[in-house]
Amino acid sequence: MNESPSSSSVQAERDARIAELESSLARRRVGVRPLAAVLGIVVSLALLMMQRRELAYFFSSRVPLTLGVEGDYRFDALASNRYAQVHGLPTARGAYERDGSALFVLVGLRESPFVVRRPALPGEDWVTGRPPPPPDPRPFGIRGRLLSEDDAPRYRDALALLRGMGELQAHEGKLWLLIEGERPGEDRGLVLACLALLAFGVLNAVLLYKALKGPARAA
């Protein structure tokens, strides 16, 4: 028995609808829409770029740059974002900051462009709202992460304050900050986080490729 034209039309519409639904389900199985995948790639790359200086320090040399001692500083060895060591006489005044419950002192080294950030020593107890005590006057040596003034925007105000006290001598117009703390290669959490971001970006790139390739194959 032959089908009527109307029933053939209904069947054709039904087949077309089924094919459309199957195509839609196939695209959904890819995982994400192309726009979402592109956004994921952009976000992961942006976050990785924000960590580029931290990554560069992680993979830099663990042998400290020797910047010299009071009266014999080696300005030719200056290199930002490197592990370094220096010895000197502290300035008479410093700046204090709190990081959670920890207290830190930013103190300059006399007749140099160096400012050191280190934990507060006994006798350097600063109470908010009161004048800060003078830093410990004893000469000291220290190792840590060396940053040029341009690469330390977080400490811009503190460096400007210490510059204005007149006990520092900028080198080529810049001060240099030495942050006592971790050596290169110690912050494993940073690397794990960056690997996770990289994996997220790669995953979204794969999903984007599948999302773009799938419709073309179906056509």
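Helices here are DSSP runs of H or I with at least four residues, numbered from the N terminus. The model you are looking at is predicted, so local features need pLDDT of at least 70 and side-chain atom pairs count only at pLDDT 80 or more, while totals for chains, interfaces and linings use all residues. Residues are numbered from 1 along each chain as its sequence is written, and side-chain values use heavy atoms, without hydrogens and water.

Let's start inside. A search of the whole structure turns up two cavities of 30 Å³ or more; a cavity is a set of points, on a 1 Å grid over the protein atoms alone, where a 1.4 Å probe fits but cannot get out, and its lining residues have an atom within 4 Å of a point. The largest holds about 40 Å³ of space, a volume being the space filled by probe spheres set on the points. Helix α3 (residues 52-58) gives the most to this lining, with three residues. Among the other lining residues are R145, E182, R183 and D187. By class, the lining divides into four nonpolar, one polar and six charged residues.

Now to the second largest cavity, with a volume of about 40 Å³. T91, R93, G108, L162, M165, E167 and L168 surround it, giving three nonpolar, two polar and two charged residues. In this scheme Gly counts as polar, and Asp, Glu, Lys and Arg as charged.

Finally, turn to the surface. L192, L195, L198, V202 and V206 make a nonpolar patch of about 450 Å²; such patches join nonpolar side chains within 5 Å, from residues with over 30% relative accessible area and no salt bridge. A salt bridge is a side-chain nitrogen of Lys or Arg within 4 Å of a carboxyl oxygen of Asp or Glu. Of these patch members, L198 is found in helix α5 (residues 188-218).

Methods
1 Å grid on protein atoms, 1.4 Å probe; cavity = no way out; pocket = protein on both sides within 12 Å on 5 of 7 lines; lining within 4 Å. Helix = DSSP H or I, 4+ residues; strand = E, 2+ residues; numbered from the N terminus. Patch = residues over 30% accessible without salt bridge, like charges linked within 9 Å, V, L, I, M, F, W, Y side chains within 5 Å. Areas by Shrake-Rupley, 256 points an atom, 1.4 Å probe, with all protein chains shown as cover.
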